[in-house]
Amino acid sequence: QVQLVYSGGGLVEAGGSLRLSCAASASSRIILRHNDMGWYRQAPGKERELVAGIGSKIGVNYAESVKGRFTISRNNANNALDLEMTNLKPEDTGVYYCNLLRGWWRTWGQGTQVTVHS
């Protein structure tokens with residue numbers, strides 16, 4: 001039922017920055033704004049992994065590999081979940097998705113591609 005619109009991905013050199021955004025359809029906007037949400041990524045040949053989470057009780061948390069470089073936030077004005085990415089590294093390359101931290105929506109959407117080269 002949920003439809004997700006992604007933006008912000010692209011091709012960057014190592015050390016560059018990107019800001020990703022995931023916006024939900026109208027019927028899911030309340031869920032996105034008030035439920036615990038996460039950004040996930042999947043690199044070629046690897047399983048999808050959680051890289052950042054945000055919740056009303058847990059605050060924010062990050063995978064060790066991105067800690068200090070990524071910032072997750074809610075953009076309520078645009079009904080979106082954002083991810084600011086700085087000092088990007090080649091190992092950050094992958095398709096990035098947003099979803100609930102628990103009880104995932106059935107669809108992950110197409111995600112947004114991030115490619116970092118040396």
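**Group meeting: a ring cluster and two strand residues**

I will start with W104, which is partly exposed, with a relative accessible area of 49%. One thing to keep in mind throughout is that this is a predicted model.

W104 has an aromatic partner. The structure holds five aromatic pairs. In one of them, Y40 and W104 meet edge-to-face, with 6.0 Å centre to centre and 90 degrees between the planes. Y40 belongs to strand β4, residues 37–42, while W104 is in the loop between β9, residues 94–100, and β10, so this pair ties together parts that are 64 residues apart in sequence.

Is Y40 buried or exposed? Its relative accessibility is 5%, and because buried means under 20%, Y40 counts as buried.

Y40 also forms an aromatic pair with W108. That pair is edge-to-face, at 5.0 Å centre to centre, again with 90 degrees between the planes. W108 lies in the loop between β9 and β10 and Y40 in strand β4, so here the parts tied together are 68 residues apart in sequence. Both members of this pair, Y40 and W108, are buried.

Which residues do the ring pairs link into a cluster? They are Y40, Y97, W104 and W108.

Next, a charge at this cluster. R48 has its charged end over the ring of W108, 3.9 Å from the ring centre. The charged end of R48 also sits over the ring of Y97, and there the distance to the centre is 4.9 Å.

Now to V114. This residue is in strand β10, which covers residues 112–117. V114 is buried, with a relative accessible area of 0%. What is V114 in contact with, once neighbours within four places in sequence are left aside? The list is G9, G10, L18, L20, M85, D92, T93, G94 and Y96. G103 makes a useful reference point for V114: eleven residues separate the two in sequence, and their C-alpha atoms are 25 Å apart in space.

The last residue is S21, in strand β3, residues 18–24. At 17% relative accessibility, S21 falls under the 20% limit and therefore counts as buried. Its side chain is joined to the side chain of D82 by a polar contact of 3.1 Å. Leaving aside neighbours within four places in sequence, S21 is in contact with V5, Y6, S7, W39, A80, L81 and D82. D82 thus appears twice for S21, in the contact list and as the polar partner.

To recap the rings: Y40 pairs edge-to-face with W104 and edge-to-face with W108, and R48 has its charged end over W108 and over Y97.

Definitions and conventions. Residues are numbered from 1 along each chain as its sequence is written. This is a predicted model: local features need pLDDT of at least 70, side-chain atom pairs count only at pLDDT 80 or more; totals for chains, interfaces and linings use all residues. Side-chain values use heavy atoms; hydrogens and water are left out. Helices (H or I, at least four residues) and strands (E, at least two) are DSSP runs, numbered from the N terminus. Buried means under 20% relative accessible area, exposed over 50%, partly exposed in between (1.4 Å probe, protein chains only). Contact means heavy atoms within 4.5 Å. Rings of Phe, Tyr and Trp (its six-membered ring) pair if their centres lie within 6.5 Å; planes under 30 degrees apart count as stacked, over 60 as edge-to-face and the rest as tilted. A charge sits over a ring if NZ of Lys or CZ of Arg is within 6 Å of the ring centre and within 35 degrees of the ring normal. A polar contact is a pair of N or O atoms within 3.5 Å; within protein, one must be able to donate a hydrogen and the other to accept it, and residues adjacent in sequence count only if both atoms are side-chain atoms.
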